[in-house]
Amino acid sequence: MKRKCIALLLVMMTVFAFFCSGALAAERDSISVNGHASAEVAPDMATLYGNLEKRAAVAETARENLAKDMAAFKHVLLGQAIPGEDIQTVRYSLQPEFSYEKNKRRLTGYVARADYKVKIKNLEKLSAVIDKSVGCNVTVDRVEFGLNNRSLFENRLLEEAVANARSKAAVVARAGGRSLGHLIHASFSTTGNATRAVNRNMMMAKAASMDTAESAPTELDPGVIAVNVNVDLEFALE
């Protein structure tokens, strides 16, 4: 019985070694490469992040004053041909405010606030949107530039990155007297960044200049957006 167990164990070890060697051989019989493609693209849209805020001694007064400013802001946006679906109220709050004196809390009033995210798909309208928004009490936190059809650029770069990776793999395969077989595995990633974002301080400076000097339209330099695509491919070798 003991001899049978030992023999069975030896057979199992032989089979395991055979499959392991086959797996290793399969691993050695393929090639893994990476490819890259990038481009700098001029932005054609922007996203404005801003807020409206009103304070009053009574909650209802704060709410009502904010509602009036919200209506005025939406009127400005619609007047610039910004569609309703591109105007998003991302947060709304109506809260009490307190002051603390000698470890005692005292109610000082209420603050109502609405935070906005507005997509401006036509950059030619950005200047007017900013100026008119500041004029109706909107605080602009920042402006971010982007692309309306980013996927179009990414797909074109993905083709270039794949061609780049395949070219590398073919060179290595030929050096070893082999040729490329079927694609075993593929993965990719994309990155991109806007080179310019306008922050809240710049918008506050703009509002101050409108009060103290002759009004001039806001002019922003959107720069370019760098779009990068990376692929990892594994080919069988023939």
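Which residues make a nonpolar surface patch of about 320 Å²? Select Phe98, Tyr100 and Leu107, and you have the patch on screen. Keep in mind as you click around that this is a predicted model.

**Stop 1: stay with Leu107**

Leu107 sits in strand S4. With a relative accessible area of 41%, Leu107 is partly exposed, because that label covers values between 20% and 50%.

**Stop 2: the whole chain**

Now zoom out and colour by secondary structure. You should be able to find five helices and eight strands. Trace the chain from its start and the elements come in the order α-β-β-α-β-β-α-β-α-β-β-α-β. The chain has 238 residues, and 31% of them count as buried. Switch on a surface if you like: the protein chain exposes about 15,000 Å², with carbon and sulfur atoms supplying 55% of that.

Here is something to look for while you rotate. Take the contacts between residues at least 6 apart in sequence: 83% of them join residues at least 24 apart.

**Stop 3: the largest nonpolar core**

Next, select Leu48, Phe73, Tyr116, Val118 and Val143. These belong to the largest nonpolar core, which has 26 residues, and they are the ones that touch the most other members. To see where this core comes from, highlight strand S2 (45-56), helix H2 (59-79), strand S4 (104-120), helix H3 (126-135) and strand S5 (139-146), since each of them supplies at least two of its residues. Which element gives the most to this core? That would be H2, with six residues.

There is another core apart from this one, made of 20 residues. Pick out Ile31, Ala169, Val227 and Val229, which are among them.

**Stop 4: along helix H3**

Go back to H3 and show its side chains. Its buried residues are Leu126, Val129, Ile130, Asp131, Ser133 and Val134, so the list includes an Asp and a Ser alongside Leu, Val and Ile. Then step just past the end of H3 to Asn137, where phi is positive, at about 75°.

**Stop 5: Glu154**

Finally, select Glu154, which you will find in helix H4 (residues 150-175). Is Glu154 buried or exposed? Its relative accessibility is 17%, so Glu154 counts as buried; the cut-off for buried is under 20%. Now show what surrounds it. Leaving out neighbours within four places in sequence, Glu154 is in contact with Thr190, Val227 and Val229. You have already met Val227 and Val229: they are among the members of the 20-residue core.

Methods: Residues numbered from 1 in each chain as written. Predicted model: local features only at pLDDT ≥ 70, side-chain atom pairs only at ≥ 80, totals over all residues. Heavy atoms only, no water. Helix = DSSP H or I, 4+ residues; strand = E, 2+ residues; numbered from the N terminus. Buried < 20%, exposed > 50% of the residue type's maximum accessible area, 1.4 Å probe, protein only. Contact = heavy atoms within 4.5 Å. Areas by Shrake-Rupley, 256 points an atom, 1.4 Å probe, with all protein chains shown as cover. Core = buried A, V, L, I, M, F, W, Y, C linked by side-chain atoms within 4.5 Å. Patch = residues over 30% accessible without salt bridge, like charges linked within 9 Å, V, L, I, M, F, W, Y side chains within 5 Å. Salt bridge = Lys/Arg side-chain N within 4 Å of Asp/Glu carboxyl O.
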